[in-house]
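Reader: Hello! I'd love a close look at how the aromatic rings are arranged in this protein, and I'd be glad if you carried on from there to whatever lies around them. Here is the model I have in mind.

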Amino acid sequence: MKRSFLLALDQGTTSTRAILFGADGQPRRSHGVPLRQFYPANGWVEHDGAEIWQAALTACRRAMLGTPKSRIAAIGVTNQRETTLIWDKATGKPLHHAIVWQDRRTAARCDALKAKGWDSKIVRKTGLLLDPYFSATKLEWLLKNVKGAKAKARRGDILFGTMDTWLVWNLTGGKVHATDVSNASRTMLLNLKTLDWDKELLKLFGIPRAMLPDVRDSAGDFGVTDKKLFGAAIPILGVAGDQQAASVGQACFAPGDVKSTYGTGCFVLVNTGAAITHSKNRLLATSLYRRGNSKIYAIEGSIFIAGAVVQWLRDALSVIPNSRAVEALARRAEPAEGLYFIPAFTGLGAPYWNPTARAAIIGLTRDMGKAELARAALDAVCYQTRDLLEAIAADMRGAGLMKLRRLKVDGGMVANDGFCQRLADLTGLPVERPTVIETTALGAAYLAGLGAGIFKDTKDIAAHWKLDKRFIPVLKKRERDLLYQGWRQAVARVL
Ligand code: ADP
């Protein structure tokens with residue numbers, strides 16, 4: 001019998017899911033388990049590592065139900081990035097809850113490092129901005145605050161990992177302690193050029209090398225599953241952070257290929273090829289993936305509030321019964337000239353990076369109502385995408401890279417045709433929605449499939465990418481630019 005299935009394990013911020021894919025890239029069976037969130041203090045967010053492992057095990061078992069294990073060629077793992085865990089090597093028990101990427105407890109530490117002038121060096125070495133978002137200061141915090149951790153970590157008795165590493169370690173019965181380049185590049189401890197842990201940064205944050213995972217290819221060998229778990233030793237052949245996996249799922253393999261994921265927030269990644277493109281516009285440079293000798297990099301920009309603005313219309317204002325209803329409501333809107341909704345509920349991300357900005361609705365007149373508000377909310381996601389694309393385009397020009405030609409989209413929001421059309425109109429780029437919008441899990445499956453030989457190369461994967469619908473801009477450039485000017489003025493007032 002042919003080994004023709006791939007299992008993707010997708011460990012997200014709010015849930016842990018497993019999806020079984022066929023060799024054609026079509027999802028066959030899936031199972032998801034919600035994840036508890038802990039908020040022990042203002043700005044602190046934690047997850048229970050043991051709960052995540054149990055959820056992953058359940059999700060994998062359920063997704064494989066009815067499929068002989070001998071037919072599963074490989075497992076691919078993708079995950080929420082940056083979230084930081086330490087555990088005891090001997091017992092396998094976490095020593096503290098995982099500190100989630102959203103957690104801001106190390107903000108003061110980051111400010112202190114900035115005051116000492118570390119920010120420019122960190123950008124140069126890691127491609128990242130000095131921010132609590134990334135793992136380094138979270139791990140430093142754990143080593144300081146968990147009693148006795150530092151000494152044990154030095155002896156290698158305590159291990160560090162992001163969620164990919166934690167899951168691979170458990171899946172292999174504690175045999176493999178490894179991460180892939182895309183996850184490692186989000187720790188703020190990795191030298192982006194060498195793709196190895198950076199000695200100077202390890203010293204700065206007081207991180208013993210002995211506790212760090214081995215850094216491997218994204219389409220690489222991560223061992224086999226412990227026979228006790230699924231009754232078979234299934235190879236783990238792919239690992240990537242969620243946004244990088246989504247780029248692979250969208251077949252963004254050529255320089256200039258760009259994908260935008262619209263879930264709760266929005267993440268835009270553009271493939272910049274084999275060279276690191278350091279952003280001059282406060283975006284991040286990051287590793288996209290590595291396979292053999294091929295190191296591929298990306299520029300990344302993110303928007304904090306995308307689908308979350310739809311949730312706000314639903315939960316806080318009750319103007320829609322469910323997220324889907326926003327499409328019909330927005331369609332009823334009159335032109336509403338001059339109306340802008342800046343959803344800076346938690347500040348503004350790239351390229352503004354203003355944590356203290358707050359949301360505003362500007363330009364309301366007596367004739368406007370909930371339909372206009374709904375459309376302004378969706379438009380805001382489009383304008384913010386244009387903000388990111390402008391910054392990306394500037395960075396790419398600076399690096400002599402090609403112009404963006406189209407935007408591949410995915411995530412929960414892109415089920416909305418009206419939104420996709422508006423996105424094309426307001427960015428001026430053709431917007432392409434693939435048939436499979438579970439691109440994160442699909443990307444993990446693709447990486448594993450490369451390792452298993454189900455796909456020959458990235459070209460072979462790209463041939464599997466199927467267009468569902470293409471949205472062509474119909475708005476005139478002049479009109480688009482005028483509307484965007486209005487947006488920039490509205491944002492300026494919020495800032
Ligand atoms: P995440 O992975 O961040 O949990 P998903 O990719 O599942 O997010 O997308 C869910 C988000 O998409 C929610 O914020 C929801 O409000 C939004 N959403 C879902 N359907 C629609 C729709 N038809 N129009 C606009 N937004 C939608």
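How many aromatic pairs does the count come to?

Author: Happy to help! Please keep in mind that this is a predicted model. The count comes to 15 aromatic pairs. One of them is formed by Phe304 and Trp353, whose rings meet edge-to-face, with 6.3 Å from centre to centre and 70° between the planes. The angle is over 60 degrees, which is why the pair counts as edge-to-face rather than tilted or stacked. This pair links distant parts of the chain, as its two members are 49 residues apart. Phe304 belongs to the loop between strand 17 (294-303) and helix 11 (307-315), while Trp353 sits in the loop between strand 18 (340-342) and strand 19 (360-362). Phe304 is partly exposed, at a relative accessible area of 34%.

Tyr383 and Trp487 give you a stacked pair, with 5.3 Å between the ring centres and 15° between the planes. Here too the pair links distant parts of the chain: Tyr383 comes from helix 13 (residues 370-398) and Trp487 from helix 17 (residues 477-494), 104 residues apart. Tyr383 is buried, with a relative accessibility of 4%, and Trp487 is buried as well, at 1%. Rings can also join up in a group, and here ring pairs link Trp87, Trp166 and Trp169 into a cluster.

Next come the charges that lie over rings. The charged end of Arg105 sits over the ring of Trp141, 4.5 Å from the ring centre. Arg105 has its place in the loop between strand 7 (98-99) and helix 2 (107-115), and this arginine is buried, with a relative accessible area of 12%. Its side chain also has acidic partners: a polar contact of 2.9 Å joins Arg105 to the side chain of Glu46, and another, of 2.8 Å, joins Arg105 to the side chain of Asp103. So around this one buried arginine you find a ring and two carboxylate-bearing residues, Glu46 and Asp103. Elsewhere, Arg216 lies over the face of Phe222, at 5.9 Å from the ring centre.Helix 11, which follows the loop of Phe304, brings us to the ligand. The largest share of the shell around the ligand, four residues, comes from helix 11. There are 13 residues around the ligand, and Thr264, Gly307, Gln311, Ser323 and Gly412 come nearest. For Thr264, a polar side-chain atom lies 2.7 Å from an oxygen atom of the ligand. For Gly412, a backbone N or O atom lies 2.8 Å from an oxygen atom of the ligand. A nitrogen atom of the ligand is 3.0 Å from a side-chain N or O atom of Asn416. Taken alone, the ligand exposes 590 Å², and the protein buries 70% of that.

You may also wonder about the cysteines. A search of the whole structure finds zero disulfides. Cys420 shows this in numbers: the closest cysteine sulfur, in Cys382, is 8.8 Å from the sulfur of Cys420, too far for a bond because a disulfide needs the two sulfur atoms within 2.5 Å. Cys420 is buried, at 0% relative accessibility, and Cys60 is also buried, at 0%.

Finally, two alanines are worth a look for their backbone angles. Most residues other than glycine have a negative phi. Ala251, however, has a positive phi, near 55°. Ala251 lies in the loop between helix 10 (242-249) and strand 14 (258-262) and is buried, with a relative accessible area of 7%. Ala336 has a positive phi too, near 50°. Ala336 is placed in the loop between helix 12 (326-331) and strand 18, and is buried at a relative accessible area of 16%.

Note on methods
Residues numbered from 1 in each chain as written. Predicted model: local features only at pLDDT ≥ 70, side-chain atom pairs only at ≥ 80, totals over all residues. Heavy atoms only, no water. Phe/Tyr/Trp six-rings, centres within 6.5 Å; stacked < 30°, edge-to-face > 60°. Buried < 20%, exposed > 50% of the residue type's maximum accessible area, 1.4 Å probe, protein only. Lys NZ or Arg CZ within 6 Å of the ring centre and 35° of its normal. Near = heavy atom within 4 Å. Polar contact = N/O pair within 3.5 Å; in protein donor to acceptor, adjacent residues only side chain to side chain. Areas by Shrake-Rupley, 256 points an atom, 1.4 Å probe, with all protein chains shown as cover.
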